[in-house]
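Reader: Could you walk me through one part of this model at the level of individual contacts? I'd love a close look at a polar spot and at how its surroundings fit into the rest of the chain.

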Amino acid sequence: MDHTVRSNIKIGAAVNVVQKQDQGAGKLMQGVVARILTNSPNHPRGIKVKLESGIVGRVQEIIG
């Protein structure tokens with residue numbers, strides 16, 4: 001599924017995100033979506049979400 005489209009991201013979905021400070025390194029964090037922060041229907045670098053762990057980042061992969 002396309003991680004740049006907001007409608008593909010659901011609360012409770014497992015995702016891999018990249019935090020702003022890790023964008024250059026490409027370090028991914030895995031977690032469960034608690035909140036969708038991006039309001040626009042799509043974003044070229046990925047939809048910004050807050051995970052249940054409190055981490056904020058852009059979705060790079062939708063796991064399930």
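**A loop threonine and its surroundings**

Author: Happy to! Thr-38 is found in the loop between E2 and E3, where E marks a strand, a DSSP run of at least two residues, numbered from the N terminus, as helices (H or I, at least four residues) would be. A word on the ground rules: this is a predicted model, in which local features need pLDDT of at least 70 and side-chain atom pairs count only at pLDDT 80 or more, while totals for chains, interfaces and linings use all residues. Residues are numbered from 1 along each chain as its sequence is written, and side-chain values use heavy atoms, with hydrogens and water left out.

Thr-38 counts as buried because its relative accessibility is 8%; buried means under 20% relative accessible area, exposed over 50%, and partly exposed in between, with a 1.4 Å probe and protein chains only. Beyond residues up to four places away in sequence, Thr-38 touches Arg-6, His-43, Ile-47, Lys-48 and Arg-58, a contact being heavy atoms within 4.5 Å. A polar atom of the Thr-38 side chain lies 2.7 Å from the backbone nitrogen of Lys-48. That pair is a polar contact, which is defined as N or O atoms within 3.5 Å; within protein, one must be able to donate a hydrogen and the other to accept it, and residues adjacent in sequence count only if both atoms are side-chain atoms.

The backbone of Thr-38 has a partner too: the side chain of Arg-6 reaches its oxygen at 2.6 Å. Arg-6 belongs to the segment before E1 and counts as partly exposed because its relative accessibility is 29%. Leaving out residues up to four places away, Arg-6 also touches Ile-36, Asn-39, Ser-40, Pro-41, Asn-42 and Ile-47.

Now to Arg-58, the other arginine that touches Thr-38. Arg-58 is found in strand E4 and is buried, yet it has no salt bridge, meaning a side-chain nitrogen of Lys or Arg within 4 Å of a carboxyl oxygen of Asp or Glu. The nearest side chain of opposite charge is that of Asp-2, 12 Å away; here Lys and Arg count as positive and Asp and Glu as negative, with His and the chain ends not counted. The Arg-58 side chain does reach the backbone oxygen of Gly-46, at 2.9 Å. Outside four places in sequence, the contacts of Arg-58 include Asn-16, Val-17, Gln-23, His-43, Arg-45 and Lys-48.

Ile-47 links several of these residues. Among the residues it touches, beyond four places in sequence, are Arg-6, Thr-38 and Arg-58, as well as Ile-9, Ile-36 and Val-59. Ile-47 also belongs to the largest nonpolar core, whose 11 residues include Val-33, Ile-36, Val-49, Leu-51 and Ile-62. Strands E1 (14–18), E2 (28–36), E3 (48–51) and E4 (56–62) each supply at least two residues of this core. A nonpolar core is a set of buried Ala, Val, Leu, Ile, Met, Phe, Trp, Tyr and Cys residues joined through side-chain atoms within 4.5 Å. In soluble globular proteins, nonpolar side chains tend to be buried together.

How do the strands around the loop line up? E2 and E3 run antiparallel and are joined by three bridges; two strands pair if DSSP finds at least two bridges between them. Ile-36 has Val-49 in E3 as its bridge partner. Along E3 the side chains alternate, with Val-49 and Leu-51 buried on one face, while Lys-48 and Lys-50 point to the other and are not buried. E3 and E4 are also antiparallel, over three bridges, with Lys-50 opposite Val-56. Their hairpin has four residues between the strands, and in it Gly-54 takes a positive phi near 100°. On the other side of E2, strand E1 pairs with it in the antiparallel sense over five bridges, with Val-15 opposite Gly-31.
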